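Here's a walk through one protein model, taken a piece at a time. Keep the 3D view open and click along as the residues come up.

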Amino acid sequence: GKRDDAVLLASLAIPAKWVDHPLMDQHIAVSLPFADQTPEGLPGPDSLDQLRALEDELTDRLLPCALLVAHESTRGVRTLHLYADSDDPTLAEQVRNAVSRWPGAAVNSSVDAGWRAIRHLTG
């Protein structure tokens with residue numbers, strides 16, 4: 001889709017609904033700027049390989065404590081939407097550690113029991 005004339009590529013990693021995962025009430029957003037991008041600001045082949053590898057590493061490290069529910073890419077940044085149990089305060093820190101080698105990576109976590117942060121993606 002398009003937002004503000006920027007091309008937005010979004011995909012739901014799993015067909016998840018918050019009601020299926022009531023304990024996953026912490027939204028962890030991971031912003032990953034990528035260098036290799038198409039003219040539309042989407043990941044080019046090099047970036048795509050690196051982003052996929054990082055996503056795999058994250059999910060391997062965090063499952064089943066956190067779910068990668070969706071990701072979206074626009075304007076040279078991919079945002080991963082993870083949901084975790086807020087009772088485990090170390091998860092956001094684990095995510096930070098996992099992406100610390102990525103240039104410009106940012107991690108923000110917030111309580112979001114109804115998964116409002118991805119509602120624009122789930123319809």
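We'll start in the nonpolar cores, move on to a pocket, and finish with two histidines.

First, a word on what you're looking at: this is a predicted model. Now find the largest nonpolar core, which has 20 residues. The ones touching the most other members are Ile28, Val30, Leu32, Leu58, Leu82 and Val95. Several elements chip in at least two residues each: the strands E4 (26-33), E5 (66-74) and E6 (77-84), along with the helices H1 (45-62) and H2 (90-99). H2 is the top contributor to this core, with five residues.

Zoom in on Leu82 for a feel of the packing. Setting aside residues up to four places away in sequence, Leu82 touches Ile28, Val30, Leu58 and Val95, and its other contacts are Gln26, His27, Leu62, Leu67 and Leu68. Apart from this core there's another one, made of nine residues, including Met24, Leu67, Val69 and Ile118.

Ile118 also takes us to the largest pocket, since it is one of the lining residues there. That pocket holds about 190 Å³ of space. Around it you'll find Leu12, Pro15, Ala16, Lys17, Trp18 and Val19, and, from further along the chain, Gly114, Trp115, Arg119 and Thr122. What sort of residues make up the lining of the largest pocket? Seven are nonpolar, two are polar and two are charged.

Now for the histidines. His27 sits in strand E4. Is His27 buried or exposed? Its relative accessibility is 7%, so it counts as buried, the cut-off for that being under 20%. Its side chain makes a polar contact of 2.9 Å with the side chain of His81. Beyond its neighbours within four places in sequence, His27 is also in contact with Leu82 and Tyr83, with Asn108, Ser109 and Ser110, and with Asp112 and Ala117.

His21 has another setting: look in the loop between strand E3 (9-12) and E4. With a relative accessible area of 25%, His21 is partly exposed, because that label covers values between the 20% and 50% cut-offs. Leaving out residues up to four places away in sequence, His21 touches Ala16, Leu67 and Trp115. Two of those names should ring a bell, as Ala16 and Trp115 both line the largest pocket. And what about Asn108, one of the contacts of His27? The C-alpha atoms of His21 and Asn108 are separated by 20 Å, and the two residues are 87 residues apart along the chain.

Notes: Residues numbered from 1 in each chain as written. Predicted model: local features only at pLDDT ≥ 70, side-chain atom pairs only at ≥ 80, totals over all residues. Heavy atoms only, no water. Core = buried A, V, L, I, M, F, W, Y, C linked by side-chain atoms within 4.5 Å. Buried < 20%, exposed > 50% of the residue type's maximum accessible area, 1.4 Å probe, protein only. Helix = DSSP H or I, 4+ residues; strand = E, 2+ residues; numbered from the N terminus. Contact = heavy atoms within 4.5 Å. 1 Å grid on protein atoms, 1.4 Å probe; cavity = no way out; pocket = protein on both sides within 12 Å on 5 of 7 lines; lining within 4 Å. Points joined across faces, edges and corners; volume = space filled by probe spheres on them. Nonpolar A, V, L, I, M, F, W, Y, C, P; charged D, E, K, R; others polar. Polar contact = N/O pair within 3.5 Å; in protein donor to acceptor, adjacent residues only side chain to side chain.
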